[in-house]
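Visitor: I should like to take a close look at a single part of this model. Please treat it in one connected account.

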Amino acid sequence: MTILNADLHCHSTVSDGTLEPEALAARAQANGVELWSLTDHDEVAGQRRAMAAARALGLPYLSGVEISVTFAHLTVHIVGLGFDPDNEQLVRGLELTRGGRGARAREMSAQLARIGIEGAYEGALKYVGNPELISRTHFARFLVESGVCRDTNEVFRKYLADGKPGFVPHRWAALGDAVRWIREAGGIAVIAHPARYDHNPTREYALFSEFKQHGGQGVEVVCGSHSTSEYAKYAELALEFGLAASRGSDFHCPDESRIDLGDLPLLEGRLTPVWELLVDRIQPA
Ligand code: AMP
Ligand code: MN
Ligand code: MN
Ligand code: MN
């Protein structure tokens with residue numbers, strides 16, 4: 001049970017991925033994934049489909065979600081695993097979290113128009129599978145398609161990252177609320193890709209401490225946005241804070257994602273993997 005090719009972070013057309021949940025399940029299995037979770041942003045509408053597809057393939061499955069949180073003026077992502085996807089408080093909390101995305105997207109488009117990029121809202125909408133989940137990723141795909149940038153990374157760097165002309169600040173869920181929704185729905189909360197936030201050690205320590213105080217139990221150690229040295233750094237922080245370790249590619253799209261499903265180093269044996277805390281919540285094959 002300890003050493004598994006688990007991939008507990010990826011996105012479908014229900015949020016900002018380009019593959020349907022069924023196609024992701026098949027791809028995970030083809031790549032040798034032994035335990036899978038679909039973690040769409042702020043939405044559990046893909047969970048039934050992902051579960052059914054995994055069951056049909058004999059692929060063990062944990063329910064998943066990635067919640068957008070505002071913590072100390074930063075956007076932080078919290079992954080939830082192994083919860084009841086029908087839990088009313090969680091479903092309502094996610095609905096509130098998604099709520100401002102439409103207005104934010106229109107404002108992003110207005111800001112881009114001011115620097116000469118017209119029609120970005122309509123352009124982004126063409127890529128959106130779920131209208132409540134319009135995201136920066138959909139804008140990035142439109143800007144690549146229309147020749148403004150070579151790839152989505154360049155779009156973020158020049159236009160969509162914090163402080164760039166298309167960036168619109170947004171207030172997401174509170175850290176304590178996100179952790180509570182996940183816990184009260186029977187799951188565990190995990191800090192997603194911690195290396196992507198604030199490298200200031202005091203602020204990073206504050207995030208880990210508050211997360212832990214709210215009842216958070218895990219952190220992504222091996223994930224698509226971490227380097228080898230970051231695997232080591234967050235392994236140490238997991239041990240220091242008594243957090244279980246998670247592993248996930250954050251796969252979005254065959255043409256965009258650097259790391260494919262299941263295509264990551266295994267977790268070190270000295271870490272407690274999150275799935276050891278969730279044995280009774282894994283949907284058996
Ligand atoms: P949003 O939730 O609308 O703010 O969009 C966030 C999403 O943008 C993330 O989940 C990633 O999929 C994507 N993203 C963020 N930064 C980058 C980047 N530098 N390159 C490519 N995609 C990114
Ligand atoms: Mn995303
Ligand atoms: Mn994320
Ligand atoms: Mn993600």
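How much area do domain 1 and domain 2 bury between them, and what share of it lies on carbon and sulfur atoms? Please continue from there to the sheet and the manganese ion (ligand 3).

Guide: The model is a predicted one, and the values below are computed from it. Domain 1 and domain 2 bury about 900 Å² between them, and 44% of this area is on carbon and sulfur atoms. On the side of domain 1, the residues that lose the most area to domain 2 are Asp16, Trp172 and Glu256, which together account for 47% of what that side buries. In terms of contacts, 14 residues of domain 1 meet 10 residues of domain 2. The centres of the two domains, taken over C-alpha atoms, are separated by 25 Å. According to the domain assignment, domain 1 consists of residues 6-97 together with 171-281, whereas domain 2 covers 101-160.

The sheet comes next. Six strands make up an open sheet with mixed pairing, and their order is S5-S3-S4-S6-S7-S8. Strand S5 (173-174) and strand S8 (244-248) each have a single partner strand, so they stand at the edges and one side of each lacks a neighbour in the sheet. Strand S8 pairs with strand S7 (residues 218-223) in the parallel sense, over five bridges. Within this pairing, valine 222 is placed opposite arginine 247 of S8. Helix H9 (residues 201-213) packs on the sheet, where it touches strand S3 (64-71), strand S4 (74-81), strand S6 (188-191) and S7. The direction of H9 makes about 180° with that of S6.

The metal site remains to be described. The manganese ion (ligand 3) is coordinated by Glu66 through OE, by His77 through ND1 and by His193 through NE2, at 2.1 to 2.2 Å. Along the chain, these donors follow the spacing E-x10-H-x115-H. Glutamate 66 belongs to strand S3, while histidine 193 sits in the loop between S6 and H9, so this pair ties together parts that are 127 residues apart in sequence. Are these two residues buried or exposed? Glutamate 66 is buried, with a relative accessible area of 1%. Histidine 193 also counts as buried, at 2% relative accessibility, because the cut-off for buried is under 20% relative accessible area. The distance from the manganese ion (ligand 3) to the manganese ion (ligand 2) is 5.6 Å.

Definitions and conventions
Residues are numbered from 1 along each chain as its sequence is written. Chains are lettered from A and ligands numbered from 1 in the order in which they are written. This is a predicted model: local features need pLDDT of at least 70, side-chain atom pairs count only at pLDDT 80 or more; totals for chains, interfaces and linings use all residues. Side-chain values use heavy atoms; hydrogens and water are left out. Two strands pair if DSSP finds at least two bridges between them. Helices (H or I, at least four residues) and strands (E, at least two) are DSSP runs, numbered from the N terminus. Contact means heavy atoms within 4.5 Å. Axes are lines fitted to C-alpha atoms, for helices over the stretch in contact, and angles run from 0 to 180 degrees between N-to-C directions. Donors are N, O and S atoms within 2.8 Å of the metal (3.2 Å for Na, K and Ca); water is not among the atoms, so sites may look incomplete. Buried means under 20% relative accessible area, exposed over 50%, partly exposed in between (1.4 Å probe, protein chains only). Domain bounds come from an automatic or database domain assignment. Buried area is the accessible area (1.4 Å probe) that two parts lose on being put together, summed over both.
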